[in-house]
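The following note is offered to a colleague who is meeting this structure for the first time. Please read the numbered points with the sequence and the coordinates at hand.

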Amino acid sequence: MKTFSIVIPAYNEPLLLKRAVDSVLSQDMTDYEIIIADDSTTTEVQQYVESLHMPCVSYHRHKSTGHAADNWNFALQQASGDYIILMHHDEAMKSTDHLSRIACQMANGAEICVSDIEVITGNRKKPGHLPAWMKRLIIAHPAWLFLINAIGPSACISFRREQAVMFRPALQWLVDVEWYYRLLKDKRVVYLPDCCMQSIHGHASQLSSTLDIAQAFASDRRIILQTYSDRTVRLMTRLYGLLIIKTKKILGKI
């Protein structure tokens with residue numbers, strides 16, 4: 001059994017996938033497995049993985065259902081390591097000691113580790129939009145994530161395999177936030193501001209670019225209200241609709 005399972009749901013974009021895989025292969029800690037779960041429309045991803053000839057990298061074909069989260073869940077189900085990171089093909093570990101830092105925190109009793117984020121758009125790089133103190137505050141109260149996604153992409157969360165929960169494919173815009181909420185609630189969480197994931201935005205296969213955000217949020221909010229009686233969760237989703245969605249509409253961003 002490996003210490004880490006790095007699970008990467010892939011959908012086309014073999015060049016982005018190579019960048020993600022290379023960032024793992026460059027780690028100073030080598031006790032990991034890389035799991036590629038592929039529901040691409042071509043065979044390019046499969047050909048790339050087969051060309052590596054590396055026992056630590058495994059390929060798993062997933063028949064697309066039209067819901068990206070089904071492939072994410074399929075990827076998670078293949079993991080056998082002590083700790084899991086779900087890293088999409090447009091993400092990468094910035095430093096070569098990313099895994100060793102997380103392993104140290106887990107050995108000291110952390111159940112969840114939250115890394116920071118750097119967003120890359122074209123030739124521009126910028127850090128996450130929230131200060132460290134605010135991220136710590138929201139992470140300590142995970143229901144607040146329904147108002148402000150203080151985490152970023154899923155690769156910023158590392159968790160113990162026994163704590164793994166599946167995504168809810170019926171959700172679209174809030175699918176990651178709702179997953180974070182269930183992962184973080186009542187856990188010992190450590191935030192590592194100097195341990196950073198990179199996320200590439202603006203590429204052709206970016207999932208959020210294909211969504212009608214207002215419509216997706218309205219549908220997701222109905223599901224959240226049906227699922228959770230927690231008053232804070234319900235309040236935060238209401239505030240998100242009133243403050244964020246309406247502001248985006250006014251600014252013409254959706």
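1. A suitable place to begin is I85. Setting aside neighbours within four places in sequence, I85 is in contact with F4, S5, I6, V7, M93, L99, I102, A155, I157 and S158. The reader should bear in mind that the model is a predicted one.

2. I85 also appears in the account of the largest nonpolar core, which holds 76 residues. The members that touch the most other members are F4, I6, I8, I36, I85, M87 and I157. Helix α6 gives the most to this core, with seven residues. In soluble globular proteins, nonpolar side chains tend to be buried together.

3. The pairing of strand β9 deserves attention. Strand β5, residues 91–93, is joined to β9 by three bridges, and the two run antiparallel. Within the β5 strand's range, A92 stands opposite Q198 in β9. Strand β6, residues 112–121, is joined to β9 by 10 bridges, and this pair runs parallel. Here T121 stands opposite H201 in β9.

4. Is N12 buried or exposed? N12 lies in the loop between β1 (4–10) and α1 (14–25). Its relative accessible area is 17%, and because the cut-off for buried is under 20%, N12 counts as buried.

5. The surroundings of N12 can be described further. Not counting residues up to four places away in sequence, N12 touches S40, T41, T42, V45 and H89. With T41 there is a specific polar approach: a polar atom of the N12 side chain lies 3.0 Å from the backbone nitrogen of T41.

6. Two residues merit a check of their backbone angles. The phi of H53 is near 50°, a positive value in a residue other than glycine. H53 is found in the loop between α2 (44–52) and β3 (57–61). With a relative accessible area of 69%, H53 is exposed.

7. The second of these residues is D186, whose phi is near 65°, again a positive value in a residue other than glycine. D186 is found in the loop between α6 (175–184) and β9 (189–201). Which class of exposure does D186 fall into? At 71% relative accessibility, D186 counts as exposed, since the cut-off for that class is over 50%.

8. The elements that flank D186 have both been met above. Helix α6 is the element that gives the most to the largest nonpolar core, and strand β9 is joined to β5 and to β6.

Definitions and conventions: Residues are numbered from 1 along each chain as its sequence is written. This is a predicted model: local features need pLDDT of at least 70, side-chain atom pairs count only at pLDDT 80 or more; totals for chains, interfaces and linings use all residues. Side-chain values use heavy atoms; hydrogens and water are left out. Helices (H or I, at least four residues) and strands (E, at least two) are DSSP runs, numbered from the N terminus. Buried means under 20% relative accessible area, exposed over 50%, partly exposed in between (1.4 Å probe, protein chains only). A nonpolar core is a set of buried Ala, Val, Leu, Ile, Met, Phe, Trp, Tyr and Cys residues joined through side-chain atoms within 4.5 Å. Contact means heavy atoms within 4.5 Å. Two strands pair if DSSP finds at least two bridges between them. A polar contact is a pair of N or O atoms within 3.5 Å; within protein, one must be able to donate a hydrogen and the other to accept it, and residues adjacent in sequence count only if both atoms are side-chain atoms.
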